[in-house]
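Thank you for making time for this one this morning. I would like to walk through a structure with you slowly, so please have it open in front of you while I talk.

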Amino acid sequence: MRTLLSLCATLLVAGTVGAADSVRLTGSGASFPFPIYSTWFKAFSAKTAGVTVDYQAKGSGAGVQDFLNKTVDFAASDSAMKPEDIAKVTEGVQLLPMTAGEIAISYNLPGSPKGLKLPRDVYPAIFLGTITKWTDPKIVAANPDVKLPDLPITVVRRADSSGTTFVFTQHLSAVSEAFKNGPGVGNTVNWPTSDKFVAAPKNDGVTATIKQTPGAIGYIEYSFAKLAKVDFATLQNKAGKYVAPGTGGGVEALLSVQLPPDMIAWLPDPEGAGAYPITTYTWMIFRKKNGDATKASAMRAMVEYCLSEGQKVADQLGYIPLPEKVVAEVRKAAGNIQ
Amino acid sequence: MNVELFARDRSSVSGPPSAFDFFVDRGFRALAHGGVLLILFVIALLLWEIGGKAIPGIERYGLSFLTGSTWDVSREQYGILPAIWGTLYSSLLALLIAGFFGVTMAIFLTQDFLPPQLAAVFRTTVELLAAIPSVVYGLWGIFVVIPFIRPFADMLHQQFGWIPFFSTSLSGPGLLPASIVLAIMVLPTIAAVSQDALRAVPFRIKQAAYGLGATHWEAILRVIVPTASTGIFGALVLGFGRALGETMALAMLVGNSNQIALSMLSPANTLAALLALNFPEAGPREVEVLMYGALVLMAITLIVNILGSLIMMFANRKLR
C-alpha cells in the first residue's frame, strides 16, 4: 500500500514537473500538407526537448475557424486566409508559406501511355464537359504518337469541399474565360451536370475511381499521384511549353512570383518556360502577439526547423522545396511571431 | 433458521410478494420509463439542435430548396431534389435486391432445408456482414463490384438502351453499383429479422398445414410466410430505413452528381452523402442549408416508418 502511494506521488510530481517544463503547440487545418507536416513535427518534437507539436488535419476552413476561436496555437491553410478573417484577429496575423505543391491531372487510358500532352485550350474544355471523347481532334493533334482509344472521357472530381479544388478551379478560371463564367472558383463549384462527371471523396477516392474507370481523367495532388503510381498529363503552360509536374517545374513557378509583405501570393497561371502551371503555396498561420514568450520562441524554432531541415525531405514526399530566396523572406517574416 | 425460512418463502409459487420483489418491480418500471423518456429527450434535443440551426436556411430558401437541383456554394444556390431522388432510388433498388435475397435466405435457413448446425454457420456468416465498416464496403465496391458489373452493364446498355433504366453507359460510380453494395449492407438486418419472424410461427400451424395434406412448399408459401408476413414486412421497413441513412459507402460509390436520371447506370447523389461530404469545410451559410437537408432526411425516414407501420396494420387486419 505504501509503495503504491509513493509511486503515485512520484508520478504526480513527475507529471507536474514535466508540464511546467514542456511546451505543447497545437495546430489544425489543411490536409493537403499533412504528410509533410506530420513528418516535420515528429522529427522536430523528437529533436527538441520539452516541445511537442500536435497537428490535426481537419481541412483549411476548419483550421482557420479553430484559429479564430483560439482553440489552437497555429493553423494551416491551402487557401490562405480571407481579409475579413484576418481583420477579426486583434493580435495580428502572420502567414508563412511553408511548402508548395502541385496538382496533377491524372488519367486512365488502355495501355497506359505516359505523359499525355494536354494543350491549354483542351484541359479546361474537358472539365467544362465540352470535349467529351478521347478521340477529339484537338487531343489527337497534340499527341500524334499516342494511340488514343475510342472512349468517352469520364471526369472524376472531388466530392468534398477541398483546397485542391480551389487551386485547380482558380487555375482553370485564369486560363479559360468560359470556365470562369461557368463553374468559377471555389472549394466546391457547380460542375457541369452530365452522366460522365462523377465525384469521389478525398484524394484517395478520386485516385481509386480513376484507376477503376477506363477513360477517366481527374485532378489530384501530385504527391498523391506519385505515391499511387497513376499516369499524369504534361500540361501546356503560359509560355506554350509542355511541363510535367515535379520539383523543377514547381520551383520555377514559385520563382516567377514575388512574395508580397503579407506573404499571400497566388500563382493562378505562372510565367516562365519551365513552370508547371498548377502550383500553389500552402501556409501556416500564426498570431503576431502570443502573450507567452516561451510559446512564441518554440513556434519560431519550429518554423526554423521546417525551413532548414524540413525542406530537404520535401522533394521525396512529393512537395516542392521552397527556393532559397523564398526561405530567406519567410525566415525574416517569422521574426514577427512574438 | 431465519435464512432457511426466507429461502422456503421465496421458492414457493404462491404467497405475497416480498419487499425485495416490490423493489425490483418498481425499480424496473422506473428504469423502463426513464429509458423511454431518455429516448424522447434525445430525439427532442436532436430536433431542437438541427431545427434551430436550420431555421435561417428554411427562411431563406423555403420550399425552393426541395425543388431546386443546383448546389452552388459560391453563388449560394442550394437545392436537394436530385439528392432526394437519389436517396429514394438507391434505397428502393437496394431493398428490392436485399429483400428478395434476405427473405429467401431466411426461408432457406429456418424451414428445415439444412441440418441445424449448418444453418447456424450460414446465419453467423450473414450476420458477420453487419460488422464490416462502411468504408471497407465502399472500397470493395470500387475495386471489386464496379469492375465485376462493368461487362454486364455495358451489355445491358447496348442491348436494352431503349429502356430508360439502362439509357446511359456505366462510367464507374453510379446508382447500380451503389445499390448492390447497399443491398449487401442491409441484407443482415433483413435476413435476421425475417428469420426471427419465421421462427416465431407456431409449430402447430405448420403441423396443421401438413395435416391438411400440404406439401413442403405449399406449407411455406401459403401458410408460414403469410403468417410471418408482418414480421417480414417489419424487416423490410427496418432495412429501408438503414439504407436511407447509409453514408460513407454511398459517398464513395454513387458518383455524387447532382442530376435526376431514370437510368440506374448513371451517377446520382444521396442526402446522407451530400451532408457528410460538405460538412467538414462548410461556411456558416452552408451549415444552415445542410441542417435543413438533415431535417429533410429525418422527415423522409419518419414518413417511411409511418407508412410502413400503416401498411403493416392494414396487412394484419386483412390476415385476421
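Before anything else, a cut-off that we will need: a residue is called exposed if 12 or fewer other C-beta atoms lie within 10 Å of its own, and buried if 20 or more do. Please also keep in mind throughout that this is a predicted model.

With that cut-off in hand, let me begin with E76(B), which is not a glycine and yet has a positive phi of about 55°. This residue sits in the loop that runs between strand 1 (71-72) and strand 2 (77-78) of chain B. Is E76(B) buried or exposed? It has 12 C-beta neighbours inside 10 Å, and therefore it counts as exposed.

Chain A offers a residue to set beside it, namely S112(A), where phi is near 30°, again a positive value in a residue other than glycine. You will find S112(A) in the loop between strand 4 and strand 5 (117-118) of chain A, and because 10 other C-beta atoms lie within 10 Å, S112(A) is exposed.

Strand 5 takes us on to a sheet in chain A, an open one, in which 3 strands follow the order 5-10-11 with mixed pairing. Its edges are strand 5 and strand 11 (242-243) of chain A, each of which pairs on one side only. Between strand 5 and strand 10 (residues 234-236) of chain A the pairing is parallel and covers 2 bridges, and there L118(A) stands opposite L235(A) of strand 10.

Now to helix 2 of chain A, residues 34-47, where a simple check of length is possible: at 1.5 Å a residue its 14 residues should span 20 Å, and the C-alpha atoms at its ends are indeed 20 Å apart, so the two agree. Its buried residues are I36(A), Y37(A), W40(A), F41(A) and F44(A). Why do we place these on the same side of helix 2 of chain A? Because they cover an arc of only 125° around the axis. Among the elements that cover them are strand 2 (51-57), strand 3 (74-77), strand 4 (93-108) and helix 12 (293-314) of chain A.

Finally, the two chains together: 28 residues of chain A are in contact with 29 residues of chain B. On the chain A side, the elements that contribute two or more residues are helix 3 (60-68), strand 7 (197-200) and helix 9 (202-212), and the residues of that side divide into 10 nonpolar, 14 polar and 4 charged.

Terms used
Residues numbered from 1 in each chain as written. Chains lettered and ligands numbered in written order. Predicted model: local features only at pLDDT ≥ 70, side-chain atom pairs only at ≥ 80, totals over all residues. Contact = placed C-beta atoms within 7 Å. Helix = DSSP H or I, 4+ residues; strand = E, 2+ residues; numbered from the N terminus. Nonpolar A, V, L, I, M, F, W, Y, C, P; charged D, E, K, R; others polar. Expected span 1.5 Å × (residues − 1). Arc of directions from axis to C-beta. Pairing = 2+ DSSP bridges.
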